[in-house]
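Hi, and thanks for passing this one along. Here are my notes, in the order I would walk through them with you on screen.

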Amino acid sequence: MRRVARQHQDKGLSKTFIAAREREPERICAYYALTLAELENHLLPDAWRKKLPRRIPGVRLSRLAVDREYQSKGLGALLLMDALTRARRIYDEAGGIGLFVDAIDERAAEYYRQYGFQTAPDNPLLLFLPVTITESGL
């Protein structure tokens with residue numbers, strides 16, 4: 001994970017953010033990565049398709065992972081809120097319509113849906129959170 005994250009960061013493909021223990025800063029407890037994205041509007045929920053051009057910009061949450069030892073303790077939610085804050089800053093500075101995520105499985109998709117992410121009509125593992133929702137601070 002570290003090697004890939006470093007390579008992607010060095011190439012400007014994504015930025016990875018970590019949560020580490022204060023006493024053991026080399027121990028990664030959780031992480032996520034953000035990248036810029038552009039999606040075809042047909043991948044969005046129906047209500048959004050007609051309002052937008054064919055290709056739409058946004059931010060992609062490309063990875064969000066929590067070490068097993070720290071799962072079910074709220075760390076994933078904290079990192080998701082941090083990712084939303086960063087996506088909101090990108091929106092304010094450069095535009096975009098929201099945050100996209102490719103869930104690894106249905107369980108992960110359900111996790112994102114509890115925070116207001118909407119499922120793409122043709123792909124239940126592609127989810128979208130409009131910036132209009134992130135404005136309210138979730």
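The points below start with the overall layout and then move to the sheet, the cores and a few side chains.

1. **What we are looking at.** Please keep in mind that this is a predicted model. The protein has 138 residues, and 39% of them count as buried. There are 5 helices and 6 strands, and along the sequence they follow the order α-β-β-α-β-α-β-α-β-β-α. Of the contacts between residues at least 6 apart in sequence, 58% join residues at least 24 apart.

2. **Strand E4 and its cover.** I would begin with E4, which spans residues 98-102. How many of its residues are buried? The count is 4 of 5, so the strand is mostly covered by the under 20% relative accessible area rule.

3. **The E3 side of E4.** Strand E3 (residues 55-66) runs parallel to E4, and 3 bridges join the two. One bridge to look up is that of Leu 61, whose partner in E4 is Val 101. Between these strands the chain passes through helix H3 (residues 75-94), giving a β-α-β crossover that is right-handed.

4. **The E6 side of E4.** Here the pairing is antiparallel: 5 bridges join E4 to strand E6, residues 123-130. Val 101 turns up again, now opposite Leu 127 in E6. Leu 99 also has a bridge partner in E6, namely Leu 129.

5. **The hairpin after that.** E6 also pairs with strand E5 (residues 118-120), in the antiparallel sense and over 3 bridges. Together E5 and E6 make a hairpin, with 2 residues between them. Within this pairing, Ala 120 stands opposite Asn 123.

6. **The largest nonpolar core.** This core holds 24 residues, and the members that touch the most others are Tyr 32, Leu 34, Leu 61, Leu 99, Tyr 112, Phe 117 and Leu 127. At least two residues come from each of strand E1 (15-20), strand E2 (28-40), E3, H3, E4, helix H4 (106-113) and E6. Which element gives the largest share? H3 does, with 6 residues.

7. **Leu 61 as a meeting point.** Setting aside neighbours within four places in sequence, Leu 61 is in contact with Tyr 32, Ala 33, Leu 34, Leu 80, Ala 83, Leu 99, Phe 100, Val 101, Asp 102 and Tyr 112. A second, separate core of 11 residues is worth colouring too; Leu 44, Trp 48, Phe 100 and Leu 126 are among its members.

8. **Arg 60, next door in sequence.** Arg 60 lies in strand E3. Its side chain makes a polar contact of 2.3 Å with that of Asp 102. Not counting residues up to four places away in sequence, Arg 60 touches Ala 33, Leu 34, Thr 35, Ala 37, Leu 39, Leu 99, Phe 100 and Asp 102. Leu 99, Phe 100 and Asp 102 are also in the contact list of Leu 61.

9. **Aromatic rings.** With ring centres within 6.5 Å taken as the cut-off, the count comes to 5 aromatic pairs. Which residues form a cluster through ring pairs? They are Tyr 111, Tyr 112, Tyr 115 and Phe 117. Two of these, Tyr 112 and Phe 117, were listed above among the residues that touch the most other members of the largest nonpolar core.

How values were computed. Residues numbered from 1 in each chain as written. Predicted model: local features only at pLDDT ≥ 70, side-chain atom pairs only at ≥ 80, totals over all residues. Heavy atoms only, no water. Buried < 20%, exposed > 50% of the residue type's maximum accessible area, 1.4 Å probe, protein only. Pairing = 2+ DSSP bridges. Right-handed = clockwise from strand over helix to strand, strands pointing away. Polar contact = N/O pair within 3.5 Å; in protein donor to acceptor, adjacent residues only side chain to side chain. Contact = heavy atoms within 4.5 Å. Core = buried A, V, L, I, M, F, W, Y, C linked by side-chain atoms within 4.5 Å. Phe/Tyr/Trp six-rings, centres within 6.5 Å; stacked < 30°, edge-to-face > 60°.
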